[in-house]
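Walk through this structure with attention to burial and charge. Start at a single side chain, then follow the ionic pairs outward.

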Amino acid sequence: MAPERENQETLSNLLREDRRFEPPVDLAAAANVTAEAYEEANRDRLAFWERAAERLTWAKRWDTTLDWQPPFAKWFVNGKLNVAYNCVDRHVEAGNGDKVAYYWEGEPEGDSRTITYADLQKEVSRAANALTELGVGKGDRVAIYMPMIPELPVSLLACARIGAIHSVVFGGFSATALKSRIDDADAKLVITADGGFRRGAPSALKPTVDEAVKDCPSVEHVLVVRRTGQDVDWTDKDVWWHDLVDRQSEEHTPEAHDAEDPLYILYTSGTTGKPKGILHTTGGYLTQSAWTHHAVFDLKPETDIYWCTADIGWVTGHSYIVYGPLANGATSIIYEGTPDTPHRGRFWEIIQKYHVTILYTAPTAIRTFMKWGDDIPAKFDLSSLRVLGSVGEPINPEAYVWYREHIGGSRTPVVDTWWQTETGAIMISPLPGVTAGKPGAAMKPLPGIVADVVDDQAQSVPSGGGGFLVVREPWPSMLRTIWGDDQRYIDTYWSRFKGFYFPGDGAKKDEDGDLWLLGRVDDVMLVSGHNISTTEVESALVSHPKVAEAAVVGATDPVTTQAIVSFVILRGAADEGEDIAKELRDHVAKTLGPIAKPRQILIVPELPKTRSGKIMRRLLRDVAENRSIGDVTTLADSAVMNLIAAKLPSAA
Ligand code: ATP
Ligand code: MG
């Protein structure tokens, strides 16, 4: 064999080992954003964000780009704009009124609506007039508790239009969770629906609202959309949407609001404790949500059909179903229901029907699809897809590769996007036309974002090192504070490392300096003096062919400080035989080293997750340490903990 060939073979083996995916040539050639953006932002970060802000329409230009009184930031000071005008009216004025803003797909098959930008302008104007008639004005808080129906984005935009501050609460939360959020924000109005469709049946929302507002003196009215036609109890605070909104004028003149006027409060999903009311404002938030949507998904508004599968009750839905896509004039899909109704191919059927080109979903969904089997997506034509995104948790390399291969036809780049409710928009992500993707890595801070990994002395770690993720400089869509609690804002985010924002996540820098997110630092385990990340052990488990999902926690152990306890869901056909626990423990030891070998493997049918799909490890830690189980109010399905507890005695 000629030496040259030999080299090539070694190289391709290495490449396969590293699993790097270069951007497709045609995508790179026509990409919205090129490598130059990093240089531009490095030269002058504020000038870079000014150019991003210029993509919006301002009623009055700002006079100072950034006023930074750490840790309080003001962006685009004295600038004035209306968010709803930017998301809706300006596209109509530009002659794109007939363009589709949303293809809405209800859960019952055949129940769909097409909403153009002109339709949206009329509906948002009517809703804005209705809110005004109910006495809601600028600065008032409006709680929104709705299913994924068109009136949901309309409600957000109506609030934005008049300067009212919305606070969206997941439609799956309990009355207690809803009430505490209404109270914390002193909401004057609640917008809801009789119910929504979930798993093939109407699921009521109104009774939960009735229960929640019973003792909420701040609430003057409850505005109710009729969606399912279920019977509802009626109080004198209640107003039907169709009675009030439908008779309003479809003309409404948007007022220009200050760049720093509040846009919304959103309570974090509560994975780690009492939810925080994250406050976002107007100009900087819209600038970064719109720019990142344009850059990270390479959105071409003329030709792309974009689908973010998140719930609008989560920050991903705010920034990447409503504000970013609409500001960019995109055509998006909104789907009301679950991925398994009426069958497990529903997502792929929707992609085929609308020729979706960009899909943005979460690792938890991807792992579920893996569990259901490759044959399901294989039955559908997914060839329209050109960019895939992931958000919410670290994506296990195995899930990334499956997503790319089985959904993306081995063509599409996968962008793993790291960000949080607090950051408002994507912070760390590959750019699909620039970055060679590595499965499991979020890669690099976006242009204009200065993030780093530091040790506990706040010193930047070298390539190959690991530690705490920090953001060194303010960014336009950053949270401004925690609603009503500046001190908690300072303590939570700005006290661990002086002068830096600390998101609470751990990260690693690889030899190329690329970033791998490791999840929350509270989830890092200390085993016999070694820091081991739950994410890495979970990814090792998921790389075993019999494993669909895994959650790992550190349980107190008299010998090793903490011991690794794993909760594992097996793939469809895999059996629960005696030897599986041993096989998986050995597999982890082989993949990561003996130190990472779990003490215990528990085979479970489900994992406890928040509505946004994140695993609630603190509850599993309670199980692993034989404690009574903590607060489950933000769980998507609280029965899951009983299923898991029932599994315990037989566990290995
Ligand atoms: P709480 O702070 O109340 O516990 P939460 O953190 O679950 O709620 P979110 O703001 O929805 O609320 O989630 C942000 C967190 O999700 C990040 O801090 C990070 O831990 C995780 N995350 C999101 N995207 C990624 C990603 N691409 N890679 C790794 N982790 C991610
Ligand atoms: Mg968080």
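His-544 is buried in this predicted model, because its relative accessibility is 7% and the cut-off for burial is under 20%. Its place is the loop between helix 18 (534-542) and strand 28 (547-557). An unreviewed UniProt entry lists His-544 under "binding site", together with Val-542 and Val-547.

Helix 18 also carries Glu-536, which pairs with Lys-508 of strand 24 (residues 505-509). The closest N and O atoms of this salt bridge are 2.6 Å apart. The two residues stand 28 residues apart and link distant parts of the chain. Glu-536 is partly exposed, at 26% relative accessibility. Lys-508 is partly exposed too, at 32%.

How many salt bridges does the model hold by this rule? The count comes to 48. Side chains of opposite charge can pair when their charged atoms come close.

Take Asp-304 and Arg-386 next. Their closest N and O atoms are 2.8 Å apart. Asp-304 sits in the loop between helix 11 (283-296) and strand 16 (305-308), and Arg-386 in the loop between helix 15 (375-378) and strand 19 (387-390), so the salt bridge ties together parts that are 82 residues apart in sequence. Is each partner buried or partly exposed? Asp-304 is buried, with a relative accessible area of 3%. Arg-386 reaches 22% relative accessibility and therefore counts as partly exposed.

Asp-523 and Arg-621 form another salt bridge, with 3.6 Å between the closest N and O atoms. Asp-523 lies in the loop between strand 25 (515-520) and strand 26 (524-527). Arg-621 belongs to helix 20 (residues 617-624). The pair links distant parts of the chain, 98 residues apart. Both Asp-523 and Arg-621 are buried.

Some charges join in a network. Salt bridges link Arg-20, Lys-438 and Lys-444 with Asp-510, Asp-512 and Asp-514.

Now turn to acidic side chains at the surface. Which residues form the negative surface patch? They are Asp-184, Asp-186, Asp-485, Asp-486 and Asp-491. Membership in a patch requires over 30% relative accessible area and no salt bridge. Asp-186 has 45% relative accessibility, so it counts as partly exposed. Asp-186 is located in the loop between helix 8 (175-185) and strand 8 (189-193).

Notes:
Residues numbered from 1 in each chain as written. Chains lettered and ligands numbered in written order. Predicted model: local features only at pLDDT ≥ 70, side-chain atom pairs only at ≥ 80, totals over all residues. Heavy atoms only, no water. Patch = residues over 30% accessible without salt bridge, like charges linked within 9 Å, V, L, I, M, F, W, Y side chains within 5 Å. Areas by Shrake-Rupley, 256 points an atom, 1.4 Å probe, with all protein chains shown as cover. Salt bridge = Lys/Arg side-chain N within 4 Å of Asp/Glu carboxyl O. Lys, Arg positive; Asp, Glu negative; His and termini not counted. Charge placed at Lys NZ, Arg CZ, Asp CG, Glu CD. Helix = DSSP H or I, 4+ residues; strand = E, 2+ residues; numbered from the N terminus. Buried < 20%, exposed > 50% of the residue type's maximum accessible area, 1.4 Å probe, protein only. UniProt positions renumbered as here; feature names shortened; annotations may be inferred.
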